[in-house]
Amino acid sequence: MLLAHLADLARSAITLAYGVSPTQVAIEFPEDRARGDLTVNAFLLAKELRIAPPKLAATLAAALNGCSPVDTAVAVSGYVNLKLQPEALLTALLQEVLDDPTAFGQGTALAGRRLMVEYSAPNTNKPLHLGHMRNNFLGHSTAAVLANAGATVLRANLFNDRGIHICKSMLAWKRFMNGVTPTDTGQKSDHLVGDCYVRFDKEFAREVETHCAAHPEEFEVWKTQRLAQKDAPKADDAALAREWRASFREAGFAQIPLGAECTEMLRAWERGDTEVHALWNLMNGWAFAGFAKTYTDLGVSFDVVYRESETWTLGRDLILEGLERGVFQRRADGAVEIDLSAEKLGRKVVLRSDGTSVYITQDIGTTVLKAAQNQLDGQLWVVGDEQKYHFAVLFAILRHMGYAWASDLHHLAYGLVNLPEGRMKSREGTVVDADDLLAETTALAVLEIRARDEEHRLEDAEVQRRAAVVALSALRFMLLKVNPLASMTFDPKESVKFDGDTGARVLYAYARLRSMLDAAGTLSRGNPALLNDPAEINLALTLLALPAAAARAAREYNPGVVANWLLELVRDLNRFYDRCDVLRATDQELRAARLQLCAAAVAGLERGTALLGMPLLQRM
RNA sequence: GCACCCAUAGCUCAAUUGGAUAGAGCAUCUGACUACGGAUCAGAAGGUUGGAGGUUCAACUCCUCCUGGGUGCGCCA
């Protein structure tokens with residue numbers, strides 16, 4: 001390993017000069033490569049060793065200068081800039097990349113650890129949309145990134161398939177949809193379920209209107225109470241009336257006939273009512289079938305699948321057991337809670353006064369179940385950042401319960417995906433559906449591919465296949481290259497463009513390399529010392545930076561680090577094509593050496609895109 | 001009211017975690033089209049890193065305050 005070898009050289013030079021050995025010597029890639037191929041930051045070392053940076057840099061430069069594989073080492077304002085011997089880079093690539101291309105970029109930081117990454121976790125009422133796409137891609141890719149760092153990773157999904165909201169769509173189907181099935185309409189089955197859910201809201205709102213119009217006296221009572229409250233709004237009748245109507249969504253739900261019927265249906269479901277379960281199974285079947293299709297199209301998959309309908313009762317016993325051990329306290333009103341004020345999380349109820357579970361109780365149960373079933377050392381959840389508090393509380397409770405693995409739980413919180421017009425709003429119909437977006441992007445990729453196939457040599461099926469790959473890679477790349485923590489703006493129009501910093505650019509670079517290598521025939525070693533064009537050196541150096549980028553991506557749970565590395569690699573590659581002839585190179589030794597560089601770049605592209613879950617094309 | 005997150009070029013995003021002259025792409029303007037695959041390359045222009053202080057040899061990065069945007073703070077999920 002070139003970088004490790006250089007670090008060793010630097011370390012022994014320091015030990016020799018000062019009699020002390022630094023814990024770590026970081027070999028960095030300088031921002032401006034005109035300064036040198038690689039650099040040693042003497043400030044970092046100086047801090048640990050308490051030696052003046054310029055002095056340390058000078059000592060190091062003197063020791064490393066001319067010391068193979070270093071050609072020259074120059075101390076400049078606290079840095080030691082290294083220029084390598086001409087053959088060092090390609091030799092390193094041959095060894096580190098081409099020896100075993102599939103292992104390139106792997107790390108050992110998480111070796112021996114068994115982790116679970118939960119992502120997607122959809123509500124069966126809602127077909128997947130743009131926000132879910134970010135979630136799915138992040139989860140799928142982060143799992144790959146962690147596995148690349150040496151962990152054994154299980155990918156998990158948890159279907160939110162029960163509860164009052166599920167009854168809403170069931171009831172709507174029963175009452176308003178005239179027995180229609182996906183086969184009748186030809187509609188994607190999860191979308192039919194989604195339509196039922198939307199229909200419920202509409203009908204419910206109508207009933208709320210009827211109720212409100214018929215009971216003006218109730219409004220007066222409500223208004224009096226509302227205005228007496230501490231956070232009372234201004235006495236504006238129109239605004240208050242709106243708030244009153246909105247309050248029926250939850251507080252007054254059962255006062256509305258449809259709401260009451262829905263609540264009764266939930267009770268029937270919990271009793272195990274045969275008829276309700278038959279309908280539930282039917283509609284769940286539709287939802288799951290639809291999701292399965294979308295997951296396939298998105299290229300995401302899971303090793304373990306949980307359903308809330310099977311896990312929702314799990315937490316209760318654990319709480320009761322914890323209550324006996326004094327982890328939780330029973331309040332005077334019968335509710336069970338935990339005091340997390342030491343963690344600044346306040347008090348949290350974990351069992352209602354009627355003994356039933358709350359949301360977090362289920363999560364406690366599911367988390368313990370997952371850990372026990374799979375012998376996990378740690379767990380990761382990919383869930384929107386609005387649930388940060390929820391997860392902070394969940395983790396704190398599990399620590400209080402004494403689980404050894406509770407210190408290795410992590411919430412990968414990601415920000416919203418906004419549209420250029422602002423937030424997606426289901427009421428305003430601005431939600432970008434995952435299936436639609438994928439289809440539209442694929443259609444545009446078809447046009448791009450056809451435009452480049454002037455002689456119509458490609459069959460429709462092949463065009464379609466390529467377009468699907470281009471579209472998926474473009475979307476994955478666009479959503480993954482951004483830091484997960486930050487909310488992002490996603491412009492559907494931009495996502496289907498294939499110029500610039502896009503997934504398509506990465507695919508293109510790969511296809512181009514592939515066809516060159518195919519045309520080149522058998523590779524031979526060539527003369528490594530002939531690679532001395534700056535474009536060649538940059539490309540080789542960028543390739544060697546993958547292991548560090550992949551390690552950082554794992555450390556930070558951020559696949560975007562790999563995406564940005566890919567962009568840099570592709571930029572270097574395009575520049576390399578432009579400056580250096582490969583197949584046309586007249587010197588056979590040089591041609592062979594450049595082809596080796598291309599082969600290493602292929603491995604880099606394959607490894608990097610694999611970490612992001614991007615499919616590639618041999619021909620574009 | 002309290003807590004957390006975000007703010008970088010006109011737009012979308014980076015910045016080796018406190019290190020050298022803050023970088024890419026898009027859009028704009030200019031150049032390279034008999035091109036190893038132009039879904040490309042080269043160049044120009046674009047910045048007081050929201051504002052004000054502070055710590056440091058060194059601050060986009062850390063601390064304090066302010067402004068603007070987002071999200072939480074349920075016996076909802």
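Begin by selecting Leu130 of chain A in this predicted model, and display what surrounds it: setting aside neighbours within four places in sequence, Leu130 is in contact with Val417, Leu419, Met424, Val432, Leu437, Leu479 and Phe490. Leu130 also belongs to the largest nonpolar core, a set of 170 residues, and together with Phe576 it has the most contacts inside that core. If you colour the core by element, helix H24 (residues 588-612) supplies the largest share, with 12 residues. Both domain 1 (2-85) and domain 2 (158-417) contribute, each giving at least three residues to this core. In soluble globular proteins, nonpolar side chains tend to be buried together.

Next, keep Leu130 on screen and extend the selection to helix H5 (residues 130-148) and helix H18 (residues 460-480), whose axes come within 9 Å and cross at roughly 85°. Since angles from 65 to 115 degrees count as roughly perpendicular, that crossing makes H5 roughly perpendicular to H18. To see the contact itself, show Leu130, Met133, Arg134, Phe137, Leu138, His140 and Ser141 on H5, and Leu472, Leu475, Arg476, Leu479 and Leu480 on H18. Sorted by class, the residues where H5 meets H18 comprise 8 nonpolar, 2 polar and 2 charged.

Now zoom out to take in the whole of chain A, in which there are 24 helices and 14 strands. Its C-alpha atoms fill a box of roughly 90 × 70 × 50 Å along the principal axes, and of its 620 residues 51% are buried. Among contacts with a separation of 6 or more, 73% join residues that lie 24 or more positions apart. Colour residues 2-85 as domain 1 and residues 158-417 as domain 2; the C-alpha centres of these two domains are 57 Å apart.

From there, select helix H21 (residues 534-544), where 10 of the 11 residues are buried, so that the helix is largely enclosed by the rest of the structure. The buried residues run from Ala535 and Glu536 through Ile537, Asn538, Leu539, Ala540, Leu541, Thr542 and Leu543 to Leu544. To see what encloses them, add helix H1 (2-18), strand S2 (38-41), helix H4 (88-98), helix H22 (546-556), helix H23 (560-579) and H24, against which the buried residues of H21 pack.

Move on to helix H14 (residues 315-325) and helix H15 (residues 359-374), which pack with their axes 7 Å apart at an angle of about 95°. H14 and H15 are therefore roughly perpendicular to each other. Showing side chains here brings up Gly315, Arg316, Leu318 and Ile319 of H14, which meet Thr361, Ile364, Gly365 and Val368 of H15. The contact between H14 and H15 consists, by class, of 4 nonpolar, 3 polar and 1 charged residues.

The last stop is Phe498, found in the loop between helix H19 (492-495) and helix H20 (503-520). Is Phe498 buried or exposed? Its relative accessibility is 17%, and because buried means under 20%, Phe498 counts as buried. Displaying its surroundings, again without neighbours within four places in sequence, shows Phe498 in contact with Leu444, Ala445, Glu448, Val470, Ala474, Ala504 and Arg505. Finally, a distance drawn from Phe498 to Ala103 spans 30 Å between C-alpha atoms, for two residues that are 395 residues apart in sequence.

Terms used:
Residues are numbered from 1 along each chain as its sequence is written. Chains are lettered from A and ligands numbered from 1 in the order in which they are written. This is a predicted model: local features need pLDDT of at least 70, side-chain atom pairs count only at pLDDT 80 or more; totals for chains, interfaces and linings use all residues. Side-chain values use heavy atoms; hydrogens and water are left out. Domain bounds come from an automatic or database domain assignment. Axes are lines fitted to C-alpha atoms, for helices over the stretch in contact, and angles run from 0 to 180 degrees between N-to-C directions. Helices (H or I, at least four residues) and strands (E, at least two) are DSSP runs, numbered from the N terminus. Angles under 35 degrees count as roughly parallel, over 145 as roughly antiparallel, 65 to 115 as roughly perpendicular and the rest as oblique. Contact means heavy atoms within 4.5 Å. Ala, Val, Leu, Ile, Met, Phe, Trp, Tyr, Cys and Pro count as nonpolar, Asp, Glu, Lys and Arg as charged, and the others, Gly among them, as polar. A nonpolar core is a set of buried Ala, Val, Leu, Ile, Met, Phe, Trp, Tyr and Cys residues joined through side-chain atoms within 4.5 Å. Buried means under 20% relative accessible area, exposed over 50%, partly exposed in between (1.4 Å probe, protein chains only).
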